[in-house]
Each structure stands twice: as structure tokens, then as C-alpha cells.
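Visitor: Could you walk me through this structure, one question at a time? I would like to hear the reasoning as well as the answers.
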Amino acid sequence: PHWAWQALYAAGLLLLTYLLIYLRKLRHRRLPDPSVPAPDDGAAPSNNGHRWRRIGHFDRPAYCGVSGGAAMLEGAVCQHCGLCVSDSELSVAVRAVPCKPVALIPSSSSPSSDADIEGTPHHWVEGNLPAYSMCCVCRDACGEAGRLCDLRCAWCQRCVHPDCAQLTANGAPSTREGGEANKISNADASQRRQLPRLCDFGRYADAVVPPHCVQLSKPTRRRQPSLLSMVRAPRLPAVWRPLIVLANRHSGGGEGDQVLQRFRAVLNPAQVLDLSEVPPKVALGWCRLVPKGVTARLLVCGGDGTVGWVLSAIEELGLSPPPPLAIFPLGTGNDLSRVLGWGPGSSADDLDSVDALLSDLANASVDRLDRWLVSVKPSRSMLLSRSKRLTMSNYFSLGVDALVALNFDSARRSLPALTGSRMINKLWYFGYGTRDLWERACRNLHRRLTVILDGRTLNLPELEGLVVLNIASWGSGCRPWGSSASPTVSDDSSSAKMSNPASSAAQPDAQLHFRPQSHGDGRFELMGLHSSFHMAQLQVGLAPAIRLGQGSNLQIVLRSGSVPVQVDGEPWLQGPCTFTVAHRGQAAVLRCATDKSQGL
């Protein structure tokens with residue numbers, strides 16, 4: 001019959017649609033190629049390895065590295081090697097002056113070959129030395145002649161006079177033709193130390209991936225970037241722990257771009273990756289390129305959202321052992337950064353010298369951070385809604401707290417130019433929190449919720465918000481849970497206290513027994529919020545949080561209406577559904593030895 005053919009045709013279409021969806025998911029689940037895109041290695045004639053940054057006005061005297069001459073007012077600076085050139089000499093510099101190399105192992109070498117490059121020579125750049133520079137040979141001042149003079153290595157950052165460099169036994173860089181040799185009167189040539197031809201990378205040796213240990217593969221298509229195909233461990237007296245820097249150049253109102261520039265100047269440019277160009281899954285290919293027994297460290301420059309993005313990519317790739325992650329905070333709240341001691345917020349101005357940060361990374365200890373799976377299953381009445389599965393590292397909230405985040409997210413999407421500053425963003429949060437004092441959009445939220453904590457139904461007091469805490473910091477540095485008011489007790493006695501919902505609701509939380517809060521104990525903290533005014537009181541320490549309990553499994557049933565929800569700063573409006581929070585695993589993070597969490 002005709003209807004049978006129609007039914008068969010419809011079934012075939014459904015089957016084909018299901019097959020296409022399955023193949024699409026399968027393609028996304030495949031692990032990406034571990035090869036990491038590399039910056040221009042000098043083979044392309046367009047850049048000669050340089051990455052130029054235009055300077056509209058130099059903040060200090062700068063001289064063209066090609067022609068010398070008088071100080072420039074404007075020009076360009078290479079982010080990799082630091083070469084300064086005038087606009088008129090830029091094309092000459094691109095053709096004639098190579099940048100510091102990314103890789104030195106020939107692409108034709110076999111990965112199993114024992115052939116080894118002797119090392120990486122110094123990459124000398126003439127002139128424009130940092131202020132108060134000192135010659136590493138004679139210990140006299142460098143770069144103070146008021147013209148293009150003296151040399152600086154783009155790898156180890158050592159400075160040297162040209163005639164001091166000529167004392168090396170293995171050869172030395174030549175001065176620019178016609179240049180006058182510097183006269184040093186305070187040291188005798190016999191007392192000067194010899195400068196080796198090969199660079200030892202100085203104080204950055206344990207963090208740098210030397211070019212003589214890196215191999216690039218040839219691109220298979222035109223205009224395709226070179227890929228890193230192999231990384232060998234250098235011969236160092238100390239433990240080699242390469243640092244991979246991940247940042248989004250748009251983070252922090254453009255601060256991310258300046259941070260990338262700072263690290264490209266001292267590390268191998270291939271180690272510094274812009275997440276707006278290279279997604280985390282591809283950038284984390286570094287962790288598979290390094291030799292066995294070597295663990296790469298990650299430095300994520302951004303806010304809590306960027307950190308969560310990278311942590312999720314580590315989980316999806318199944319890296320074992322997971323690389324430890326440190327944070328250079330560029331976001332607004334930076335709550336995870338505060339908990340791990342990396343500070344409430346930083347800027348590119350804090351990286352005039354990366355020495356302090358690299359020292360903190362060297363002394364940092366590995367810590368564990370719980371990761372929680374938040375599942376959202378819509379009720380049967382919401383047929384068009386889809387289930388969600390998100391990963392939580394910081395906190396998950398419903399109600400008034402998430403409403404403020406949702407309003408700010410809407411403002412950021414519609415007015416991106418007005419949300420580029422950390423201070424302005426906090427003013428937005430303050431404004432939306434104040435507006436809700438009159439609107440009270442989430443009043444009587446407790447009447448629409450059923451909360452089951454570790455199998456026990458809680459009797460909720462009057463609430464407008466519910467927050468699940470994994471870390472001690474919340475809302476840009478507030479510590480609402482506080483310290484444990486009572487001594488730690490066993491699970492049995494804690495369960496007995498929480499098994500009676502009526503007594504738990506009537507009894508002040510100070511009389512309940514809670515474990516000390518920790519982000520690595522496999523337990524979360526559940527607290528309530530009375531209103532937006534209660535949130536403001538928590539921020540200034542004028543009121544305690546409503547501590548509802550601790551646990552490792554949570555179920556929240558939203559019976560009616562819609563409620564704002566957020567997971568680690570990702571907000572949305574959710575209809576009737578069931579939320580489930582369960583332990584997913586742990587991530588490796590680095591805790592700063594010197595706590596920088598105190599601050600504005």
C-alpha cells in the first residue's frame with residue numbers, strides 16, 4: 001500500500017539522520033593529531049621567523065637594528081627576538097635579519113636516529129638593551145652610549161660588549177660594519193671570562209624547549225603551517241620541566257596579548273600558544289611530544305572559564321599523568337586562582353620581568369582539584385529541551401547568584417566594548433545585584449525545589465539561591481563557608497546529624513559538625529542564600545552563609561517555573577528538570593608556595 005511505502009521512507013530518513021549524528025559525534029571523539037602548529041621557522045620568506053608588533057610611540061629611546069641612526073619615535077618590534085626596526089627598514093629586516101629559530105633538527109632526520117645537534121648558539125640582537133644592563137664578561141654597564149650599541153642574546157637574555165664577546169674561544173658575533181668597538185677600561189682582557197658559543201639558556205634553562213631538541217615536519221600543502229613532530233630532552237644538570245604557556249590574546253581586555261608577548265621573548269615561541277588560534281586539545285599535544293619521564297607544566301593565562309576549558313580538554317584527551325596546571329589570573333573573579341595562591345588578579349605590567357613568576361612556578365607544589373559532573377535532565381513536560389552534561393571545578397548555583405551572572409552575560413554579548421575591564425565588570429555585577437533587591441525575581445525558590453543530599457531529603461529554609469561549592473572562594477574572593485566551627489567527626493555521626501531534616505533546619509549551622517573545607521577531599525559544600533542583600537552581606541563579612549551540608553552526591557529537582565543556573569560562570573535559564581552532581585575525578589594543579597591571594 002501507499003502508506004506502507006511512506007512509512008518505510010520515513011523510517012529510512014530517521015535511520016540516515018541517526019547515522020549522520022552518530023558519525024559526527026564519533027568524529028569529534030577522535031583524538032586530535034598530537035602535532036602542534038609551530039610559528040614561522042624562517043623557511044617562509046614572508047616573515048623570516050619574525051612576529052612583528054607595531055609601536056605607535058616608544059616609551060624609551062629606541063634605535064633601528066638595521067640602519068642605526070637617531071632614536072625612533074615609532075616602528076616595529078619582533079615579539080620573538082626583540083629586534084627593533086623603523087618603518088622604512090622593515091622590509092630589509094624581514095629579508096636580511098633572521099629571527100631566533102624554533103627548531104634545529106632537520107625534518108629529514110628519523111625520530112629513532114641517535115644523531116644529536118651540538119646545541120643552540122647564542123642569538124645576538126644588537127642594541128636596545130634593557131635599562132641597567134651589565135656585561136656578563138667584564139661586569140661593566142651596557143647599552144648606555146645613546147646609540148645602537150652592544151649585544152643581547154634572545155635566549156638567555158645575557159648582555160655583552162662586542163669586544164668582550166670576541167674573547168670567546170669558539171668564535172664571536174661580529175659588530176655592524178663601520179661600528180666603533182666599545183672601550184672597556186675597568187677590566188683587563190686576561191681577567192674576563194670567556195663566553196661560550198653555545199647558549200645554556202641561563203636562568204630559564206629548566207623551562208625552555210631548546211631549538212636543538214625540536215624537529216618540524218614539512219607541510220603537505222601550501223600555506224600550511226609547519227608542525228612539531230618530535231621533542232628530545234636536553235642534557236641539563238637540573239631536572240627539565242618544560243613550561244607550556246596557554247593564553248587567549250583577547251582575555252583581560254587585551255592583557256592576554258601582552259602576556260603572550262612577554263613569554264615569547266624568553267621561551268621558545270612554539271611553547272607559547274594563543275588559544276584564539278590553537279584550541280586547547282591541539283595545544284596539549286605538547287604533553288605527548290615530550291619524552292617519557294618528562295612532565296610538561298602548563299601556565300594558563302586567563303580567567304576561571306579559560307582554566308576550566310583547558311582542564312576539560314585534559315580530561316577528554318585522557319592524558320596520563322595529567323600535566324600540572326598553574327594560573328596567571330586575567331579574569332574578573334579568579335576564584336580558583338585565589339584558592340591556589342596565584343592571586344586575585346594580574347596584568348601584563350606584572351610581567352616586566354618573568355623571573356619572579358618562573359621562580360614561583362619552580363617552587364610550586366602539586367595539588368589535587370576535584371572535578372564534578374553536573375547533569376541536567378529536563379522533565380517529561382519539557383519535550384523540546386535537551387539534556388546537558390557539564391563539568392564543575394569551582395561552583396554550581398541556582399537562583400539569585402546565577403541571575404546576576406546571567407544578566408552580566410547578556411550585557412557582555414550585547415555591549416562587548418563596555419565589559420573589557422576587570423573593574424567595570426565588577427561594577428556591572430554590583431548594579432545587577434542591586435537591581436534584584438527590588439525585583440526579587442527568585443523569591444520563594446525553596447518552594448519549587450526538592451534537594452536530596454547523599455540520599456537524604458533536606459528541609460530547606462526560605463531561600464532565593466542555592467550554591468554548591470567545590471573551592472573555598474566564591475564571588476570574587478568571598479569565603480562564605482568559613483572555617484569549621486566544630487571539630488571534625490566521623491561520617492557516621494555526621495550522617496546522624498544530617499539524617500533528621502527537621503533538626504537540621506531548626507538547628508543553627510554552627511552546632512552541626514562539618515569537615516574542614518577542601519577542594520581535594522571528594523566532597524562539596526552546599527549553602528543557601530536568602531536574597532541579593534544576603535549576598536552583599538556575605539561579601540563584606542556582615543552575615544554568615546546558610547550551611548546546609550557536605551556530601552559527594554546531590555540531586556535537585558526543580559518542579560515548576562524557570563530558574564537561572566550557572567556552572568563555573570556559564571549561565572542559562574532552565575525550566576523544570578532534575579540536576580545531579582556526582583564526582584568525576586581529579587585534576588593536577590600547582591599551588592603557589594607564596595600565597596598571593598590577599599589583595600583587592
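Visitor: Not counting residues up to four places away in sequence, which residues does Ser-531 touch?

Guide: Happy to start there, and please keep in mind that this is a predicted model. Ser-531 sits in the loop between strand E22 (524-529) and helix H14. Leaving out residues up to four places away in sequence, the residues touched by Ser-531 are Val-400 and Glu-464.

Visitor: Is Ser-531 buried or exposed?

Guide: The cut-off to apply is that buried means under 20% relative accessible area. The relative accessibility of Ser-531 is 19%. Ser-531 therefore counts as buried.

Visitor: Which backbone nitrogen lies 3.3 Å from a polar atom of the Ser-531 side chain?

Guide: Look at the start of H14, where the side chain of Ser-531 offers an oxygen. That oxygen reaches to within 3.3 Å of a backbone nitrogen. The nitrogen belongs to Phe-533.

Visitor: Within what arc do the buried residues of H14 fall, seen down the axis?

Guide: H14 covers residues 532-540, and its buried residues are Ser-532, His-534, Met-535 and Leu-538. Seen down the helix axis, these buried residues line one face of H14, because they fall within an arc of 155°.

Visitor: Which residue just after H14 takes a positive phi?

Guide: The place to look is just past the end of the helix. The phi there is about 75°, and the residue is Gly-541.

Visitor: How many of the residues of strand E18 are buried?

Guide: E18 spans residues 395-399. The strand is largely enclosed by the rest of the structure, because the buried count is 5 of the 5 residues.

Visitor: Which residue in E25 stands opposite Leu-398?

Guide: E18 has two pairings to follow here. With strand E21 (residues 465-469), E18 runs antiparallel over 5 bridges, and Phe-396 stands opposite Val-468 there. With strand E25 (residues 563-567), E18 is also antiparallel, joined by 3 bridges. In E25, the residue opposite Leu-398 is Val-565.

Visitor: Which side chains of strand E24 point to one face and are buried?

Guide: In a regular strand the side chains alternate between the two faces of the sheet. E24 (residues 553-558) shows such an alternation, with Asn-553, Gln-555 and Val-557 pointing to the face that is not buried. The buried side chains, which point to the other face, are Leu-554, Ile-556 and Leu-558.

Visitor: Which residue in E27 is the bridge partner of Leu-554?

Guide: E24 is joined to strand E19 (residues 449-453) by 5 bridges in the antiparallel sense, and Leu-449 has Leu-558 as its bridge partner there. E24 also runs antiparallel to strand E27 (residues 577-591), with 6 bridges between them. In E27, the partner of Leu-554 is Val-581.

Visitor: How far apart in space are Leu-548 and Glu-525, C-alpha to C-alpha?

Guide: Leu-548 lies in strand E23 (residues 546-551), and Leu-548 counts as buried at 11% relative accessibility. Along the sequence, Leu-548 and Glu-525 are 23 residues apart. In space, their C-alpha separation is 7.8 Å.

Visitor: Which strands are the edge strands of the sheet E2-E5-E6?

Guide: This is an open sheet of 3 strands with antiparallel pairing. Strand E5 (residues 75-78) pairs with E6 over 2 bridges, and Ala-76 stands opposite Val-85 in E6. An edge strand pairs on one side only, and here those are E2 (52-55) and E6 (84-85).

Visitor: Which helix gives the largest share of the lining of the second largest cavity?

Guide: The structure holds 2 cavities of 30 Å³ or more, and the second largest has about 40 Å³ of space. Its lining residues are Asp-304, Val-307, Gly-308, Leu-336, Ser-393, Asn-394 and Asp-568. The largest share, 3 residues, comes from helix H7 (residues 304-317).

Visitor: To finish, what share of the contacts with a separation of 6 or more comes from residues 24 or more positions apart?

Guide: The protein chain has 14 helices and 27 strands, and 48% of its 600 residues count as buried. Among contacts with a separation of 6 or more, the share from residues 24 or more positions apart is 72%.

Note on methods. Residues numbered from 1 in each chain as written. Predicted model: local features only at pLDDT ≥ 70, side-chain atom pairs only at ≥ 80, totals over all residues. Heavy atoms only, no water. Buried < 20%, exposed > 50% of the residue type's maximum accessible area, 1.4 Å probe, protein only. Helix = DSSP H or I, 4+ residues; strand = E, 2+ residues; numbered from the N terminus. Arc of directions from axis to C-beta. Polar contact = N/O pair within 3.5 Å; in protein donor to acceptor, adjacent residues only side chain to side chain. Contact = heavy atoms within 4.5 Å. Pairing = 2+ DSSP bridges. 1 Å grid on protein atoms, 1.4 Å probe; cavity = no way out; pocket = protein on both sides within 12 Å on 5 of 7 lines; lining within 4 Å. Points joined across faces, edges and corners; volume = space filled by probe spheres on them.
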